[in-house]
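Take a look at the structure below. The text after it goes from charged pairs to the packing between helices.

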Amino acid sequence: MEPNFKSFGGYKYVKTSAVLENLDEIIKDLEEEYINQNALYKENPKSPKAWFHQENAKTLRKIIYKIGRIKDELKDKTF
């Protein structure tokens, strides 16, 4: 895992679900957090924490993109 992504690595894999279902769930959770971080930033863009919310949102977008790519690769290889 990339060092910048460590604080976002708390998802627990569900063994009874398919791999693509797990990836969908991860993406859904991360997109929800992305929306929350953007909302926090927009509430008060001049606050001391605004920069952190903005950076978190950027990092979440990168993670969501990478997981989406992995999901697409798995789809291509299995179907």
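Lys28 counts as partly exposed, because its relative accessibility is 46% and the partly exposed range runs between 20% and 50%. This is a predicted model. Lys28 forms a salt bridge with Glu25. The closest N and O atoms of this pair are 3.8 Å apart. Glu25 is also partly exposed, at 30% relative accessibility. Both residues sit in helix H1, three residues apart, so about one helical turn separates them.

How many salt bridges does the structure hold? It holds three. Another joins the side chains of Glu55 and Lys58, at 3.3 Å from N to O. These two residues lie in helix H2. They are three residues apart, so about one helical turn lies between them. Glu55 is partly exposed, with 26% relative accessibility. Lys58 is partly exposed as well, at 43%.

Now turn to Asp24. Asp24 forms a salt bridge with Lys71, and their closest N and O atoms are 2.3 Å apart. Asp24 belongs to helix H1 and Lys71 to helix H2, so this pair ties together parts that are 47 residues apart in sequence. Is each partner buried or partly exposed? Asp24 counts as partly exposed, at 36% relative accessibility. Lys71 is buried, because its relative accessible area is 16% and buried means under 20%.

Next, follow helix H1 itself. Helix H1 covers residues 19-43, which makes 25 residues. From its first C-alpha to its last, H1 reaches 36 Å. That is close to the 36 Å expected at 1.5 Å a residue. Which residues of H1 are buried? They are Asn22, Leu23, Ile26, Ile27, Leu30 and Gln37. The buried residues of H1 pack against helix H2, which spans 50-78.

Some of those residues return in the nonpolar core. The largest nonpolar core has eight residues in all. Leu23, Ile26, Ile27 and Leu30 are among them. So are Leu60, Ile63, Ile64 and Ile67. The elements that give two or more residues to this core are H1 and H2.

Finally, find Ile67 in the core. Which residues does Ile67 touch, leaving out those up to four places away in sequence? Ile67 touches Leu23, Ile26, Ile27 and Leu30. These four are among the buried residues of H1. The two helices thus share a core, and the salt bridge between Asp24 and Lys71 links H1 with H2 as well.

Conventions
Residues numbered from 1 in each chain as written. Predicted model: local features only at pLDDT ≥ 70, side-chain atom pairs only at ≥ 80, totals over all residues. Heavy atoms only, no water. Expected span 1.5 Å × (residues − 1). Buried < 20%, exposed > 50% of the residue type's maximum accessible area, 1.4 Å probe, protein only. Contact = heavy atoms within 4.5 Å. Core = buried A, V, L, I, M, F, W, Y, C linked by side-chain atoms within 4.5 Å. Salt bridge = Lys/Arg side-chain N within 4 Å of Asp/Glu carboxyl O.
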